[in-house]
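Here are my notes on this one, jotted down as I went through the model. Have a look at the structure first, then go through the points below.

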Amino acid sequence: MAFKERVFSGVQPTGNLHLGNYLGAIKKFVALQAQYDCIYCVVDLHAITVPINVWGGPKTLRENIREVTAAFIAAGIDPKKHIVFNQSQVSAHAELAWIFNCVARLGWLNRMTQFKEKAGKDRENASIGLYDYPVLMAADILVYRATHVPVGDDQKQHLELCRDIAQKFNNDFASSIAELGHGQAYFPLTEPIIQGPATRVMSLRDGTKKMSKSDPSDYSRINLTDDADAIAQKVRKAKTDPEPLPSEEAGLAVRPEADNLVGIYAALADRPKAEVLGEFGGAQFSTFKTALVDLAVSQLAPIAAEMKRIGQDTAYIDSVLAEGSDRAEAVAAETMKSVKDIVGLIRR
Ligand code: AQP
């Protein structure tokens, strides 16, 4: 069966939105609007899977939900044409996650590397929500039967799990799916969109570590709220090596910091890394960093300013989320009706 093409993706309201979130996800969300119907979600139920001192408590959560919404709009997502909402306002996400909990296998979840990284050594003390995170993520995507999901490279394994869950549901309930007229498969095998030069933006202090919201050093990341001065300072202080830039991509292979900065430049400029090296190959980092500051400031400072402006109007943000949630709920409710019929649950 051919599925209607639809994009879904989400960002957690866990604070410190950074350049990695922008280049790996939000910039792609913006570009995909021209080609697809898109649903972009502030995944607040995911944010509360880590301890309360990490997500900051109710007041911070509310602020962060609004901040991610403001970032979506400031970056260029159109909430009138597409759907922008927060996950917890559409209860079908949690409802479908329960059904998927009964489809997914324990062995599949035991292989998830993000859980291992986030739970760390104190695994017994991790929340069940953190363990179940990838199942809820599959429900987020499949409740809209989304066909494409733009994400950073760190989400690849979760997208594979989403496909496994869809496949097993389609297999387990194959005869019911066919009897109810849905053909051979009810859920699509969703394609991740993980492309381009910045699918994994690394820390500015250590080119082997992912740029991350939770890194204690603010100099490790460019925050989407940083102004021109902060961006310039962070790029100038970014770790490099003593060699000039290579002229060919192969020359970046054992130079993680150089590779990262070239990738950031390429992604911001919408140019391949090879082309950037064609221009800057042989140049010292001081020259390249000056160009990178100019580019980063020209692209990011307007977003920061717009985020600030939109962020002051909480009534507007809340109305976007409410309207988006209504529209998302209408789509999700249709899926839940079909899923209940397929599984054999009696509904009103
Ligand atoms: N460094 C990155 N490079 C490229 N893409 C990235 N993404 C995250 N970091 C990078 C992508 O951003 C989207 C939203 O991610 P998230 O909401 O799951 O947040 P996160 O930044 O991964 O945040 P955490 O888990 O709260 O904190 P940290 O960073 O401390 O682990 C996703 O598409 C993600 O791939």
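1. A stretch between two elements to start with: R145 sits in the loop that links α8 (128–142) to β4 (148–150). Its phi is positive, about 45°, even though R145 is not a glycine. Keep in mind throughout that this is a predicted model.

2. N16 belongs on your list of backbone angles too. This residue is not a glycine either, and its phi is near 50°, a positive value. You'll find N16 in the loop between β1 and α1. Is N16 buried, exposed or partly exposed? Its relative accessibility is 34%, and buried would need under 20% while exposed would need over 50%, so N16 counts as partly exposed.

3. Now the ligand. There are 24 residues around it, and the ones that come nearest are Q12, K118, D154, S212 and S214. By type, the shell splits into 12 polar, seven nonpolar and five charged residues.

4. For polar pairs with the ligand, here are three to look at. V201 uses a backbone N or O atom, which lies 2.8 Å from a nitrogen atom of the ligand. K210 has a side-chain N or O atom 3.3 Å from a ligand oxygen. H18 places a polar side-chain atom 3.4 Å from an oxygen atom of the ligand. As for cover, the ligand on its own has 670 Å² of accessible area, and the protein covers 94% of that.

5. Which elements give two or more residues to the shell around the ligand? They are β1 (6–11) and α1 (19–32). The top contributor is α1, with four residues. That ties back to point 2, since N16 is in the loop between these two elements.

6. On to the packing. The largest nonpolar core holds 114 residues, and the members that touch the most others are Y22, F72, F100, F169, L268 and F288. Helix α14 (residues 285–311) supplies the largest share of this core, 11 residues. Why does the core lie between domain 1 and domain 2? Because both give residues to it: domain 1 covers 6–199 + 314–343, and domain 2 covers 218–309. As general background, nonpolar side chains tend to be buried together in soluble globular proteins.

7. Helix α14 also carries E306. This glutamate has a relative accessible area of 27%, which makes it partly exposed. Its side chain makes a polar contact with the side chain of R309, at 2.9 Å. For a long-range pair, take E306 and A74: they are 232 residues apart in sequence, yet their C-alpha atoms are 5.3 Å apart in space.

8. Last one: R105, placed in the loop between α5 (92–101) and α6 (106–110). With a relative accessible area of 38%, R105 is partly exposed. What does the side chain of R105 reach at 3.1 Å? The backbone oxygen of C102. If you want a distance to check, R105 and M137 are 32 residues apart along the chain, and 15 Å separates their C-alpha atoms.

Definitions and conventions. Residues numbered from 1 in each chain as written. Predicted model: local features only at pLDDT ≥ 70, side-chain atom pairs only at ≥ 80, totals over all residues. Heavy atoms only, no water. Near = heavy atom within 4 Å. Polar contact = N/O pair within 3.5 Å; in protein donor to acceptor, adjacent residues only side chain to side chain. Areas by Shrake-Rupley, 256 points an atom, 1.4 Å probe, with all protein chains shown as cover. Nonpolar A, V, L, I, M, F, W, Y, C, P; charged D, E, K, R; others polar. Core = buried A, V, L, I, M, F, W, Y, C linked by side-chain atoms within 4.5 Å. Buried < 20%, exposed > 50% of the residue type's maximum accessible area, 1.4 Å probe, protein only. Domains from an automatic or database assignment.
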